[in-house]
Amino acid sequence: MNWEEARQEIKANVKIGTDVNSKRSRFRFVEAVDLSGLRVRIGRSNVLSIPWEMLETCFAPLNTAEGYSGVFFQQRYPSEYKDHDCHVHVVGRVFVKAGFAEAVDEHTYKTR
């Protein structure tokens, strides 16, 4: 699957209200999907902006032996990671909800 196919799967399967919680989280729901990307509510008052470019960058390692992980995210987006490390799981759960990835463990995602 290439990025454009993945983007179409995200658009088709991740809608306003989609639950992107992991086993250890609550209150993570997609608040908007638009031309710039996704906005995801985390907790009662915080919202993460997840631009399409970020999703594309994080999509690339899904087919590698290492997969998409917190280490990958932190290396590429250190300020976002420092601000809210929840970005790692939110991006991974978007891929899972889109239907083309699965969680390997608490910190790593790979294609199905």
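## Close-up views of a predicted model

**View 1. Glu4, Glu5, Glu9, Glu53 and Glu56 come together as a patch of negative charge on the surface.** Two elements each supply two or more residues to this patch, namely helix H1 (3–13) and helix H2 (52–59). The largest share comes from H1, which gives three residues. As you look over the patch, keep in mind that the model is predicted. Glu9 is a good residue to pick out here, and its place is in helix H1. Is Glu9 buried, partly exposed or exposed? With a relative accessible area of 32%, Glu9 is partly exposed.

**View 2. Glu31 and Arg41 form a salt bridge.** Their closest N and O atoms lie 2.6 Å apart. The pair links distant parts of the chain, with Glu31 in strand E1 and Arg41 in strand E2 (residues 37–42), 10 residues apart. Side chains of opposite charge can pair when their charged atoms come close. Both partners can be checked for exposure as well: Glu31 counts as partly exposed at 31% relative accessibility, and Arg41 is partly exposed with a relative accessible area of 28%.

**View 3. Arg39 and Asp34 make a salt bridge.** How many salt bridges does the structure hold? There are two, and in this one the closest N and O atoms of Arg39 and Asp34 are 3.0 Å apart. Arg39 is partly exposed, its relative accessible area being 32%. Asp34 also counts as partly exposed, at 30% relative accessibility.

**View 4. Phe27 has a positive phi although it is not a glycine.** The angle is about 65°. Why is that worth a closer look? Most residues other than glycine have a negative phi. Where along the chain does Phe27 sit? Phe27 is found in the loop between H1 and strand E1 (28–34). Its relative accessible area of 32% makes Phe27 partly exposed.

**View 5. Ser25 has its place in the loop between H1 and E1.** Is Ser25 buried or exposed? Ser25 counts as buried because its relative accessibility is 12%, and buried means under 20% relative accessible area. For a sense of distance, try following the chain from Ser25 to Lys97. These two residues are 72 residues apart along the chain, and their C-alpha atoms are separated by 15 Å.

**View 6. Stepping back, the protein has five helices and six strands.** How do the elements run from the N terminus on? Their order is α-β-β-β-α-β-α-α-α-β-β. The C-alpha trace of the protein spans about 35 × 30 × 25 Å along its principal axes. For 112 residues, a compact globule would have a radius of gyration near 13 Å, and the protein agrees with this at 13 Å. Buried residues account for 43% of the 112 residues.

Terms used. Residues numbered from 1 in each chain as written. Predicted model: local features only at pLDDT ≥ 70, side-chain atom pairs only at ≥ 80, totals over all residues. Heavy atoms only, no water. Patch = residues over 30% accessible without salt bridge, like charges linked within 9 Å, V, L, I, M, F, W, Y side chains within 5 Å. Areas by Shrake-Rupley, 256 points an atom, 1.4 Å probe, with all protein chains shown as cover. Salt bridge = Lys/Arg side-chain N within 4 Å of Asp/Glu carboxyl O. Lys, Arg positive; Asp, Glu negative; His and termini not counted. Charge placed at Lys NZ, Arg CZ, Asp CG, Glu CD. Helix = DSSP H or I, 4+ residues; strand = E, 2+ residues; numbered from the N terminus. Buried < 20%, exposed > 50% of the residue type's maximum accessible area, 1.4 Å probe, protein only. Rg over C-alpha atoms; globule rule 2.2 N^0.38 Å.
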